[in-house]
Amino acid sequence: MVIWTGVTGSLPQFLRKGTNPKIYEGAARKLSVDAETVQHGVEGLMYLLTESSKLMISEVDFQDSVLVLGFTEELNHLLQQLYLENRKEIRHILGELTPSLPHYHNLEWRLDVQLASRALRHQVKPTVTMKLHLEESGGDKSAKVLQTDPATLMHLIQELEKALAELKTTHCRRILRNIK
Amino acid sequence: MELSESVQKGLQSLADATFFDMKTFSVFIEVAFRSLLSAHADRSVLDQPEFKRLDQKLLKHCHTAATTCILEGVKQNADKSTISACLEDVGFDAERTEVFYTTYQKCRSDLETLLSSLGRCPPHINDVSWRLEYCIKNGHVHKVNEPSYLISLNVENANNGGSSEDLHFSCTMEQLQDLVGKMKDAAKSLEKATQL
């Protein structure tokens with residue numbers, strides 16, 4: 001039972017970083033079975049946890065699912081604990097697999113006044129220079145340098161405030177409340 | 001206002017009544033200014049009936065000289081005295097100087113706008129569009145149940161002949177609040193700066 005706990009304890013680590021064959025061999029020796037059996041067992045459990053997390057099933061449903069496996073009640077309870085403790089993180093990792101666009105990370109800005117250029121002297125042209133930091137779901141960061149003028153900046157703010165206000169409308173609130 | 005020898009020579013011809021009488025001169029000045037402001041290069045710009053009797057080579061030389069002089073004036077923000085002095089140096093009489101300067105004043109701000117749009121700069125944001133969606137589930141995770149925004153910035157590349165592209169990214173409500181907050185900080189600083 002202790003060895004079993006040791007193996008199941010490594011499950012979250014496997015899900016995060018990938019499997020480590022050495023742990024299989026170690027456990028196989030202690031359990032007096034071959035490494036392949038241990039590997040299958042572990043992979044089976046990983047599948048159980050990933051599917052359960054993906055579907056976000058309730059405790060009752062989880063118990064019903066493991067009941068068919070014929071484990072002891074103590075083991076079922078242990079597995080349920082494992083599920084509840086790790087499901088958020090598993091869902092987060094699974095979420096990184098979905099196709100997605102880069103998401104907003106940060107915005108840096110700077111106010112400049114253009115005084116002259118090769119084509120025209122004696123200018124007073126205010127500009128806002130911005131650095132938009134984006135992040136891919138895999139963790140790759142990128143930054144784009146962009147520029148705009150004061151009038152467009154006000155327009156951008158107006159439009160995006162409208163976007164934010166949309167979430168607070170009755171329509172959106174109703175959807176968010178009812179689709180759970 | 002420094003002008004090259006070639007430009008000065010062209011202006012001298014323009015000042016010469018044997019080549020350009022007053023009527024032809026006035027038409028020429030209009031044509032010169034108009035050719036700078038029109039959106040597309042017009043090959044037939046010098047095909048005016050008034051220019052028919054003139055030597056084509058001379059006409060082109062004068063046109064180049066005049067447009068160079070005009071652009072130099074706008075670039076340096078030249079005032080009346082500078083322009084007058086410059087034109088006097090190349091032999092313009094008072095009447096021709098007046099015709100030139102009047103048209104210069106008329107077209108000046110449009111020419112300034114044109115010149116200020118030239119040059120290198122980072123991609124310029126023109127517009128933004130947004131989409132609010134509620135994600136119910138995807139292939140890897142069910143019961144997501146989260147709203148998210150998809151933002152598209154329409155950006156113009158001044159360097160690539162004005163080609164525009166869209167920059168897409170997604171964000172949560174909190175992230176969009178952060179973005180808008182920072183933009184508002186920039187706008188506030190802008191307002192303060194204009195009051196200085």
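This passage describes the confidence of chain A and the interface between chains A and B in a predicted model.

Local features were taken at pLDDT of at least 70 and side-chain atom pairs only at pLDDT 80 or more, while totals for chains, interfaces and linings use all residues. Residues are numbered from 1 along each chain as its sequence is written, chains are lettered from A in the order in which they are written, and side-chain values use heavy atoms, without hydrogens or water.

Chain A has a mean pLDDT (the predictor's confidence in each residue, from 0 to 100) of 86. In chain A, 90% of residues reach 70 or more. Among its elements (DSSP runs numbered from the N terminus: helices, H or I, of at least four residues; strands, E, of at least two), helix α1 (residues 2–17) has the lowest mean, 62. Helix α6 (residues 150–166) of chain A has the highest, 95. Where pLDDT is low, predicted coordinates should not be read in detail.

At the interface, 55 residues of chain B contact 54 residues of chain A (heavy atoms within 4.5 Å). The two chains bury about 5100 Å² between them (accessible area, 1.4 Å probe, lost on being put together and summed over both). Carbon and sulfur atoms carry 70% of this area.

Chains B and A share 2 salt bridges (a side-chain nitrogen of Lys or Arg within 4 Å of a carboxyl oxygen of Asp or Glu). Lys184(B) and Glu161(A) form a salt bridge through their side chains, at 2.4 Å from N to O. On the side of chain B that touches chain A, α3 (56–76), α5 (94–116), β1 (124–135), β2 (146–157), β3 (163–171) and α6 (173–194) each supply at least two residues. The largest share, 15 residues, comes from α6(B).
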